[in-house]
Amino acid sequence: MTVLDVLKDHYGLTGVDVFPLGGELDENSVVRLDDGSRVVVKVSPPRADVARIRWQHELMRLADAGGVRVPRVRAALDGESLVVTGRRAVTVQSWLDGPTLSELDSHAPELLEELGATAARLVGALKDAPKPPDSPPSHWDVLRAAEAMTDDAVDDHVWRIVARYSQALERHGSALPQAVVHQDFNDFNVLARREPDGRHHVHAVLDFGDALHTARVGELAVAVAYAMLRKADPLAAAAAVVRGYTAESALEDAELSVLFLMAAARLCVNAVTWTRRATAYGDERMRHTRPAIAALAATPPELAEAVLREAAGRPATVWTAPAAGAPPKLPAGVSWGRHLEPRSPVRRTTAGGEAATLRLGLVLESPEPFTVYSPFDAVVVRGEPATVLLRHDRPEPFWSRWTGVTTPHRDGDPIAAGAPIGRAGAAVRVALFRSAETAALAPGLVPASQAAAWASVSPDPAEFLGLPAAPRGETWDVERVVTSRSVHFARSQRSYYRRPMNLVGGRGNWLHDDRGRAYLDAINNVSHVGHANPRVVAAATAQLRKLNTNSRFVYPGIAEYAERLTATLPEPLRVAFFVCSGSEANDLAVRMARQVTGRRDVLVVDGAYHGNTSVLTGLSPNRYKGPGGTGPDPSTHEVEQPDRYRGRHGYGDPAAGRAYAADVRRQADRHPPAAFIAESAMGTAGSVFYPDGYLAEAFAAVRAAGGLCICDEVQVGFGRFGDVFWGFESQGVVPDIVTMGKPIGNGHPLAAVVTTREIADEFDTGMKYFNTFGGNPVSCAIGLAVLDEIAEQGLQRHAAETGRHFKDVLDALAGRHELIGDVRGHGMYLGVELVRDRVTKEPAGAEALHVSELMKDEGVLVYPTGATGSVLKIKPPLTFTTEDADLFGATLDEVLGRAW
């Protein structure tokens, strides 16, 4: 009898097509019915254990009732959950859409946390499940892993893991809670589904065929095991699953003690089983399993336990090293670097594994070679070239590892406290361990995410060496900083990223955090000539040593800077007002226009942002039309945004500039303005660049109505466009007032307004204008240094050349990734707009935020902007190179290629 016959005769269903799905024991297929729906048909092997299959159906019912989505068993015409035909049992289940986790080429930490949470909910749903009917023991049982190790399919890595696991079970097995569990929570049995936020989420759990009564933690162990496959950092993946699980359900101490080794042993059972069966499926499975097993075998078990305990909110107790037993003998002039301090910053990646950035151990450095001495009685365990491992038996056994030391001693030799170990070159690194196994496996550098775990198994050796211990006060790590911000900052003062980094330094185009992780900065147009630019730093430092005061005093710097700055602008823009921020500059510019014209009305471009003062919030559609906005000031009048991607006049319209400017003319005629204020390219609106002729037509209309024209250069000024120094020059116009900020001081709070002598004189009605800090001597010294750096390093030309290359890189990505709807840019100011559909142009705001988070995790900084948050804004320092652009492109390509 065929599957279609069974469906018709026993279920009253008419099947149209049958598609085999495969299976380890069952013959599974998906059948399309005549109404277009689909069902899954599972046919058991001959002589099926009907009682066990019915028990599995009960587990599925309990799981469904407990909030875990599973296939629903369809009753046959006689009301039974299965049909027996020809000694085989047939079950019909609902079809659930979505890829399995095995089909996704990557798993975000959030997805793995959901996997853990789902495992916990499943355990909870099955807590009152009946025990299974009697059945033969299964080697898939997490408590019986050793029984599968019976032939030459077992290699050294497998033996090592299973031996460690057997020892762990001897110590903790009797304390493990027992329960009915799914027991096969692997990546082929968990479905995902992409949700409206653009990310995959856990959708459903399949296949209860291996369910049994065993250790409760087995459910989590199996989930952890398969989550570690195909991962450059298996422990990070395991920790994410554990975080999700323990957010729903607590783990007992014994469960945490065996969890890592149980998960690793499960993979070993998988490897041995499928190697023995020698099937194509097994060969494909082993392509990922064997490398994972090798990595896990090289992982110190106590480190793994510490990592998972931390993830569970139950961090391991930190072992404190004993203080020096013999007086320290260190040469004069020796210096030392602290245990678990970062070395030179390294770019963090998740695709290749998190970079190891922290030194494991304390480093002693001396200008000359020196002798090192043992602080305690010791026995040489291993005396390899340049590394000596010692065992100390008091007050309890522990091991010290001396890297960079050559010793005359042989293995087994005793060394008395205070006696020499050997000679070191310029540096020696000393690390302590409480197990020989960890001492043998521990690397010299470790990832920052494992710092707390390593601290618990390898303590600070300072006191062991007779050196001062590291300060034990609270450090300003990222958790403390974020917590403090939440207490002392308003919620409106938001920071970048869901999982922010804790920045402590920068140089050139790179920033780095407190754990030695480096980030390519593609977002910071504030650091216009590069982070910590030496010329700018030197100018600020030198001026601070001489003079800093307010601008009502007379000093050379402010005059020289005003002369140099205005010389970059076309005539008649020659009068400068110095302030401290772009917001102050725009506020002053609007005040000038209103006072000079005697009018209040201002024209603004829809979507624009000009600053955060009360006046400018009312002139910034990006704010007053956004979340929490209360609408425009009555004197504000919007003109149509000249967006050639989303607007009425697209890239193919040669008259788009004039067509969009027609709305400026209409508004100017209806509301004779004091001013029309426009960014030279729209930044916060989503990197919108005006069509040719737009500003020329708009300015003519405004001036004809008696208004002034203000260009906001806060985002794009100072050569960023490459072909021109000021953005407005690309439109062939000269404004009446120009405002500038952000890049003007390379991060120093400096900004300016420049206008004509005529307007400046009309602004002077007798009321003094004064800004205490605007144009102070230090600010002017910095401003001059920025101008010098731009000119002498040829950064404007560099911006043009690198910008062209960068846009080519991004255009190539648009040809490969449907998520990219538009790439636009001018020089070193670019935008990549993400859309869910290229035809409808539905904004992909959630996806843009997620892409930015993933890029940050890969060590590249970018962030969304625009009204829908769907445009990746790209505005790096002008020192950005073509190599940096290639790295950005390669990283974005990899991130967009993932199935997140």
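Against which elements do the buried residues of α22 pack? I took this as my opening query, and I note that the model is predicted.

**Entry 1: helix α22**

I looked up the partners of the helix and found that its buried residues pack against helix α21 (777-792), strands β31 (820-826), β32 (829-837) and β36 (871-874), and helix α24 (882-896). I then listed the buried residues of α22: Leu 795, Ala 799, Ala 800, Thr 802, Gly 803, Phe 806, Val 809, Leu 810, Leu 813 and Ala 814. I also checked the length of the helix. Helix α22 covers residues 795-814, and its 20 residues should span 28 Å at 1.5 Å a residue; the end C-alpha atoms are 27 Å apart, which agrees.

**Entry 2: a sheet of five strands**

I traced an open sheet whose five strands run in the order β1-β2-β3-β5-β4, with antiparallel pairing. At its edges I found β1 (15-20) and β4 (83-85), each of which pairs on one side only. On average, neighbouring strands of this sheet are turned by 30° against each other, direction ignored. I examined one pairing in detail: β2 (residues 27-33) and β3 (residues 38-43) are joined in the antiparallel sense over six bridges. Here Val 30 stands opposite Val 40 in β3.

**Entry 3: aromatic pairs**

How many aromatic pairs does a search of the whole structure find? I recorded 20. I began with Tyr 497 and Tyr 863: their ring centres are 5.3 Å apart and their planes stand at 90°, so I entered the pair as edge-to-face. Tyr 497 belongs to the loop between α12 (478-488) and β21 (503-507), whereas Tyr 863 belongs to strand β35 (residues 863-865), so the pair ties together parts that are 366 residues apart in sequence. Both Tyr 497 and Tyr 863 are buried.

I next looked up Tyr 561 and Phe 578, which form a stacked pair with 5.3 Å from centre to centre and 25° between the planes. Tyr 561 lies in helix α14 (residues 556-566) and Phe 578 in strand β24 (residues 573-579), 17 residues apart. Tyr 561 and Phe 578 are both buried.

I also noted a cluster in which ring pairs link Trp 319, Phe 376, Phe 398, Trp 402 and Phe 464.

**Entry 4: charges over rings**

Over which ring does the charged end of Arg 552 sit? I found that it sits over the ring of Phe 770, 5.1 Å from the ring centre. I entered a further case: the charged end of Lys 841 sits over the ring of Tyr 645, at 4.3 Å from its centre.

Technical notes. Residues are numbered from 1 along each chain as its sequence is written. This is a predicted model: local features need pLDDT of at least 70, side-chain atom pairs count only at pLDDT 80 or more; totals for chains, interfaces and linings use all residues. Side-chain values use heavy atoms; hydrogens and water are left out. Two strands pair if DSSP finds at least two bridges between them. Helices (H or I, at least four residues) and strands (E, at least two) are DSSP runs, numbered from the N terminus. Axes are lines fitted to C-alpha atoms, for helices over the stretch in contact, and angles run from 0 to 180 degrees between N-to-C directions. The expected span of a helix is 1.5 Å times one less than its number of residues. Buried means under 20% relative accessible area, exposed over 50%, partly exposed in between (1.4 Å probe, protein chains only). Contact means heavy atoms within 4.5 Å. Rings of Phe, Tyr and Trp (its six-membered ring) pair if their centres lie within 6.5 Å; planes under 30 degrees apart count as stacked, over 60 as edge-to-face and the rest as tilted. A charge sits over a ring if NZ of Lys or CZ of Arg is within 6 Å of the ring centre and within 35 degrees of the ring normal.
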